[in-house]
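Subject: Handing over a structure

Hello,

I am passing a structure on to you, and I hope you enjoy exploring it. Please open it first, and then read on for what turned up.

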Amino acid sequence: MTEADGRFAYDGLDRTLHEKARLGILTALVTHREGLSFTDLARLCTLTDGNLSRHLDVLVEESLVQITKAFSGRRPLTTCKLTAAGRKRFREYLSQLEQVLRDAAEEESAAAKAKPRPGLAEP
């Protein structure tokens, strides 16, 4: 096994977080420390109520999001908030994603320097 083996495996890209809708949910919640109403979260992520509910179930099961049900006057109010563990795990995920971007940029730059692009004459 060489040093390069597994270089691009990115085990830190958590499949629970990496799904498009859940990534949007977590991004919305990380930017709203006080949490968001279910309605606002659905609107921000352009998800149907049923779809948002399904994704929140996964995030709650993983202890990433906390759901609070209360009333605002006579109307029910469901609030979604990132847990401390969820915030930490999301930060770790973003760090891994940043590494993917750095690696891709470095590899692309190295490849461009090593081989001239087709159609361009050598200087």
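A word on naming before we start: helices (H or I, at least four residues) and strands (E, at least two) are DSSP runs, numbered from the N terminus. Please also keep in mind that this is a predicted model.

With that naming, the chain has five helices and three strands. Their order along the sequence is α-α-β-α-α-β-β-α. The chain has 123 residues, of which 28% count as buried. Among the contacts in the chain with a separation of 6 or more, 55% join residues 24 or more positions apart.

A good place to begin is helix H4, residues 49-61. Its 13 residues should span 18 Å at 1.5 Å a residue, and the end C-alpha atoms are indeed 18 Å apart, so the two values agree. Which residues of H4 are buried? They are Leu52, His55, Leu56 and Leu59. Seen down the axis of H4, these buried residues fall within an arc of 105°, so they line one face of the helix. The general rule behind such a pattern is that an α-helix has 3.6 residues a turn, so residues three or four places apart point the same way. On the other side of H4 you will find Gly50, Arg54, Asp57 and Glu61, which are exposed.

What do the buried residues of H4 pack against? Their partners are three helices, H1 (15-18), H2 (20-30) and H3 (38-45), together with strands S2 (65-72) and S3 (75-82).

Just after H4 comes Ser63, with a positive phi near 60°. Ser63 sits in the loop between H4 and S2 and is partly exposed, at a relative accessible area of 43%. Thr46 is another residue to look at: its phi is positive, about 45°, although it is not a glycine. Thr46 belongs to the loop between H3 and H4 and counts as exposed, with 71% relative accessibility. As background, most residues other than glycine have a negative phi.

Next, the aromatic rings. A search of the whole structure finds one aromatic pair. It is formed by Phe90 and Tyr93, whose ring centres are 6.2 Å apart and whose planes meet at 15°, so the pair is stacked. Both residues lie in helix H5 (residues 84-114), three residues apart, which is about one turn of the helix. Phe90 and Tyr93 are both buried.

Then the cysteines. The structure holds zero disulfides. Cys45 is in no disulfide, and the nearest cysteine sulfur, that of Cys80, is 9.7 Å away. A disulfide would need the two sulfur atoms within 2.5 Å. Cys45 is buried, with a relative accessible area of 15%, and Cys80 also counts as buried, at 0% relative accessibility.

Finally, have a look at Ser37 in strand S1 (residues 36-37). Is Ser37 buried or exposed? Ser37 has a relative accessible area of 16% and is buried, because the cut-off for buried is under 20%. A polar atom of the Ser37 side chain lies 3.0 Å from the backbone nitrogen of Asp40. Leaving aside residues up to four places away in sequence, Ser37 touches Leu77, Thr78 and Thr79.

Happy exploring, and do write back with any questions.

Best wishes

Conventions:
Residues numbered from 1 in each chain as written. Predicted model: local features only at pLDDT ≥ 70, side-chain atom pairs only at ≥ 80, totals over all residues. Heavy atoms only, no water. Expected span 1.5 Å × (residues − 1). Buried < 20%, exposed > 50% of the residue type's maximum accessible area, 1.4 Å probe, protein only. Arc of directions from axis to C-beta. Contact = heavy atoms within 4.5 Å. Phe/Tyr/Trp six-rings, centres within 6.5 Å; stacked < 30°, edge-to-face > 60°. Polar contact = N/O pair within 3.5 Å; in protein donor to acceptor, adjacent residues only side chain to side chain.
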